[in-house]
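Let's take a walk through this protein together, going from one helix to the loops and then to the space inside. Keep the viewer open as you read.

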Amino acid sequence: MNAYLHTGKRLFDLALAALALLFAAPLLAVLALLVRLLLGAPVLFRQQRPGRHGKPFYILKFRTMADARDARGELLPDAARLTPLGDFLRRTSLDELPTLFNVLRGEMSLVGPRPLLMEYLERYTPEQARRHHVRPGITGWAQIHGRNETVFSERLKLDTWYVDHASLLLDWQILFRTSAKVLSASGVRLETLEEVDDIGLHPRTRRRAAPGANARAES
């Protein structure tokens, strides 16, 4: 592990995350109030994700979906529960502001591989699993190369490339390019698993993965 990953990156995260939260505090308060009024409680969405070395933590985001259910009491599909406010928060990435608290707590980094789902851990090849050698990030190398439009196999390759090349200069570059993409809403869409999970990480798409696409795609 290079010197930057060992010590400098954590100091970089702490300084920028604390500064960002200081300036974003009024916005965070307004968004929290809007979510509470329009979507109800809880204001924050919490979900367990794998952190560095696969250690689980709870990621924090603003809630974006209503608790709408069908006649049997089952939750409606995500697209049916996404509200206009939630759609706005996702497209502007404002729903991710609370993840700055994850950064302060040392569970995440500003830059790194995006934390996917816990259930994917056992599906990774040894090479893909190297993405967990560093803390997961709010944004990363994969996000500036397509964001949500990039399929999982390519995202994982980009993630491991970052692990091997992380540096202060690269992190600044990723943050700058992420800001430009967010402002232009470039590469943001509400994708389905069928479109992006080309290697069968998720149970719903596992049978649709191309044969041989992932060494662990078949159980």
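**A walk from helix α7 outwards**

On the other side of α7, away from its buried residues, Leu169, Phe176 and Leu183 are exposed. Keep in mind that what you're looking at is a predicted model. Now turn α7 around: its buried residues are Leu170, Asp171, Ile174, Leu175, Thr178 and Lys181. They take up an arc of only 135° around the axis, which means that they sit on the same side of α7. That buried set packs against α1 (3-39), β3 (109-111), β4 (137-139) and α6 (152-165).

How does the length of α7 compare with what you'd expect from its 17 residues? Helix α7 covers residues 168-184, and at 1.5 Å a residue it should span 24 Å; the C-alpha atoms at its ends are 25 Å apart, so the two agree.

Let's zoom in on one residue of this helix. Thr178 belongs to α7, and it counts as buried because its relative accessible area is 17%, with the cut-off for buried at under 20%. Setting aside neighbours within four places in sequence, Thr178 touches Thr139 and Ile144.

Time to step back for the overall plan. The protein has eight helices and four strands, and from the N terminus on the order of elements is α-β-β-α-α-α-β-α-β-α-α-α. Of its 219 residues, 47% count as buried. If you take the contacts with a separation of 6 or more, 69% of them are between residues 24 or more positions apart.

Next stop, α3 (84-91). Here Leu85, Gly86 and Leu89 are buried. Looking down the axis of α3, you'd find these buried residues within an arc of 95°, so they line one face of the helix. Among the things covering them are α1 and β2 (56-62).

Just ahead of α3 there's Leu82, in the loop that links α2 (78-81) to α3. Is Leu82 buried or exposed? Its relative accessibility is 16%, so Leu82 counts as buried. Leu82 also has Thr64 for company: the two are 18 residues apart in sequence, and their C-alpha atoms are 6.2 Å apart in space.

On the other end, α3 is followed by Ser93, which lies in the loop between α3 and α4 (99-104). Ser93 has a positive phi of about 65° although it isn't a glycine. With a relative accessible area of 18%, Ser93 is buried.

His53 makes a nice counterpart. This residue is in the loop between β1 and β2, and its phi is also positive, near 60°, again in a residue other than glycine. But His53 is exposed, because its relative accessible area is 61% and the cut-off for exposed is over 50%.

One more backbone feature before we leave the loops: Ala41 and Pro42 are joined by a cis peptide bond, with omega about 0°. You'll find Pro42 in the loop between α1 and β1 (44-50).

Finally, the space inside. Rolling a probe the size of a water molecule over the atoms shows where empty space is left. A search of the whole structure turns up two cavities of 30 Å³ or more. The second largest cavity holds about 30 Å³ of space. Which residues line the second largest cavity? They are Arg114, Leu116, Arg131, Gln143, Arg155 and Asp159. By class, that lining has four charged residues, one polar and one nonpolar.

Definitions and conventions:
Residues numbered from 1 in each chain as written. Predicted model: local features only at pLDDT ≥ 70, side-chain atom pairs only at ≥ 80, totals over all residues. Heavy atoms only, no water. 1 Å grid on protein atoms, 1.4 Å probe; cavity = no way out; pocket = protein on both sides within 12 Å on 5 of 7 lines; lining within 4 Å. Points joined across faces, edges and corners; volume = space filled by probe spheres on them. Nonpolar A, V, L, I, M, F, W, Y, C, P; charged D, E, K, R; others polar. Helix = DSSP H or I, 4+ residues; strand = E, 2+ residues; numbered from the N terminus. Buried < 20%, exposed > 50% of the residue type's maximum accessible area, 1.4 Å probe, protein only. Expected span 1.5 Å × (residues − 1). Arc of directions from axis to C-beta. Contact = heavy atoms within 4.5 Å.
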